[in-house]
Amino acid sequence: MMEKTTSEDPACSPEETASESAKVPTAEPPGEVAVSESTGEEQVPKPQAPAPQAPVAPATTKPAPPSEDVPSAPLLLTLEDVSNSSVTVSWEPPERLGRLGLQGYVLELCREGASEWVPVGARPMMVTQQTVRNLALGDKLLLRVSAVSSAGAGPPAMLDQPVHIRENIEAPKIRVPRHLRQTYIRQVGETVNLQIPFQGKPKPQATWTHNGHALDSQRVSVRTGDQDSILFIRSAQRSDSGRYELTVHMEGLEAKAAIDILVIEKPGPPSSIRLLDVWGCNAALQWTPPQDTGNTELLGYTVQKADKKTGQWFTVLERYHPTTCTISDLIIGNSYSFRVFSENLCGLSTSATITKELAHIQKADIAAKPKGFIERDFSEAPSFTQPLADHTSTPGYSTQLFCSVRASPKPKIIWMKNKMEIQGNPKYRALSEQGVCTLEIRKPSPFDSGVYTCKAINVLGEASVDCRLEVKASATH
């Protein structure tokens, strides 16, 4: 297998390049062609007018050598890579190398519309991949490669389609920062500085719109670089609210991103307020919403009260949503004023709406008439409101028995198994709380099967309930 490398243009003058381009790489001595010190990238020789004495490569007056002496055409000529200034091709060795052996390969190019094939290198090279550099943007080239022996060049292998040298196209994309994927809120007077990164190759064109219309250059400035676009508003106003859309486009491709901006300020106070009624230690208020909400929804209202004597304001309700309220726990003999603030994301309104009239809390002649208190006797004998239930358990898994009892005074609880008390046995744990009696049997075995009884005793009597517990032995195979 041939080594795959790239080849460089040998240092030569334009005249030497032109003369070399007219030569057919068929008569090079084997020793000179085998030397590969001229490997690297090849620069495209500029096609010169062929010298009168040098015939074009395809045309020759020499008799064709026997087919056994020249190699066959290289196989699998493939376009590996195309950039804005280079092209890389590769191929496989020919099936037949010829009787005289292979001296190398000659790569030739021909610009579309021209008839002259120009060799890329000055001599055949023993490589199966070459990169041609310093190509002009927009060129369309035909490429072919021939295998060469000392008897001459074999038939060429040629690419089916011309290669178009152009910039690599990368579809435009906009990457909206996470904090801008929801409504971007600013207060009136603050700056708006949005930096939106994008990508695309070649560099795309970026345009902004506000609610579908062109930006007002007197208020909004835009700076677009190679990788981002910045929208800047020095002092935001409520008119700057809306949807800003960024569009990046190139060569029929485009990407769009929308950013919603909301510019808000403090709301106005409620339009009006009035005192609806005063009774006892209570006062009822009603007000109307503000005409200006600050360009955003209200978070609620703050209601405050002040008595006539001190004139100090105290908050009664915060972020209260209805427009009517009742103020309670007012002090008898005092007179009160009330005021209401509106509130949004920017805070409370600068001013408040205050009631015009005072709420006078009148003293009333009320005579208390206490009723005699009759103490009730809650004593009762124990009675079970929830009996024990028969239970089946699995060996090794703790189980619990439950019942509930009602009694006053609090009864003494006794647990028994098969009529024998089991108090103090560490295998059992008895609990009684709020009348619920629980017996926990830790990791029971078939030996723990039997009849369990719960007995409750107090000074007024006793009661008991029982159940049957069956611990089934696990089946063995």
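Biologist: What do the side chains of Asp-226 and Lys-203 form where they meet?
Modeller: In this predicted model, they form a salt bridge, with N to O at 3.5 Å.

Biologist: Where do the two residues lie?
Modeller: Both are in loops. Asp-226 lies between strand E16 (220-224) and strand E17 (228-233), and Lys-203 lies between strand E13 (192-201) and strand E14 (205-210), so the salt bridge ties together parts 23 residues apart in sequence.

Biologist: Is Asp-226 buried or exposed?
Modeller: Asp-226 is exposed, at a relative accessible area of 57%. Its partner Lys-203 is partly exposed, at 43%.

Biologist: OK, next pair. What about Asp-260 and Arg-243?
Modeller: Their side chains also meet in a salt bridge, at 2.9 Å from N to O. Here the residues sit in strands: Asp-260 in strand E19 (residues 253-264) and Arg-243 in strand E18 (residues 242-250), so the pair ties together parts 17 residues apart in sequence.

Biologist: And how accessible is Asp-260?
Modeller: Asp-260 has a relative accessible area of 25%, which counts as partly exposed. Arg-243 is partly exposed too, with 44%.

Biologist: Which residue does Lys-427 pair with?
Modeller: Asp-448. The closest N and O atoms of that salt bridge are 3.5 Å apart. Lys-427 lies in the loop between strand E33 (420-421) and strand E34 (428-433), while Asp-448 lies in the loop between strand E35 (436-441) and strand E36 (450-458), so this pair ties together parts 21 residues apart in sequence.

Biologist: Is Asp-448 buried or exposed?
Modeller: Asp-448 counts as buried, at 2% relative accessibility. The cut-off for buried is under 20%. Lys-427, at 25%, counts as partly exposed.

Biologist: Which residues are joined into a network by shared partners?
Modeller: Arg-238, Glu-265 and Asp-292 are joined into one network by salt bridges that share partners.

Biologist: How many salt bridges are there in the whole structure?
Modeller: A search of the whole structure gives 13.

Biologist: Changing topic. How many helices and strands does the chain have?
Modeller: The protein chain has two helices and 37 strands.

Biologist: What share of the residues is buried?
Modeller: The chain has 477 residues, and 37% of them count as buried.

Biologist: And how much area does the chain expose?
Modeller: About 28100 Å², with 49% of that supplied by carbon and sulfur atoms.

Biologist: Last one. What share of the contacts joins residues at least 24 apart?
Modeller: Taking contacts between residues at least 6 apart in sequence, 67% join residues at least 24 apart.

Terms used
Residues are numbered from 1 along each chain as its sequence is written. This is a predicted model: local features need pLDDT of at least 70, side-chain atom pairs count only at pLDDT 80 or more; totals for chains, interfaces and linings use all residues. Side-chain values use heavy atoms; hydrogens and water are left out. Helices (H or I, at least four residues) and strands (E, at least two) are DSSP runs, numbered from the N terminus. Buried means under 20% relative accessible area, exposed over 50%, partly exposed in between (1.4 Å probe, protein chains only). Contact means heavy atoms within 4.5 Å. Accessible areas come from the Shrake-Rupley method with a 1.4 Å probe; for residues, only the protein chains shown count as cover. A salt bridge is a side-chain nitrogen of Lys or Arg within 4 Å of a carboxyl oxygen of Asp or Glu.
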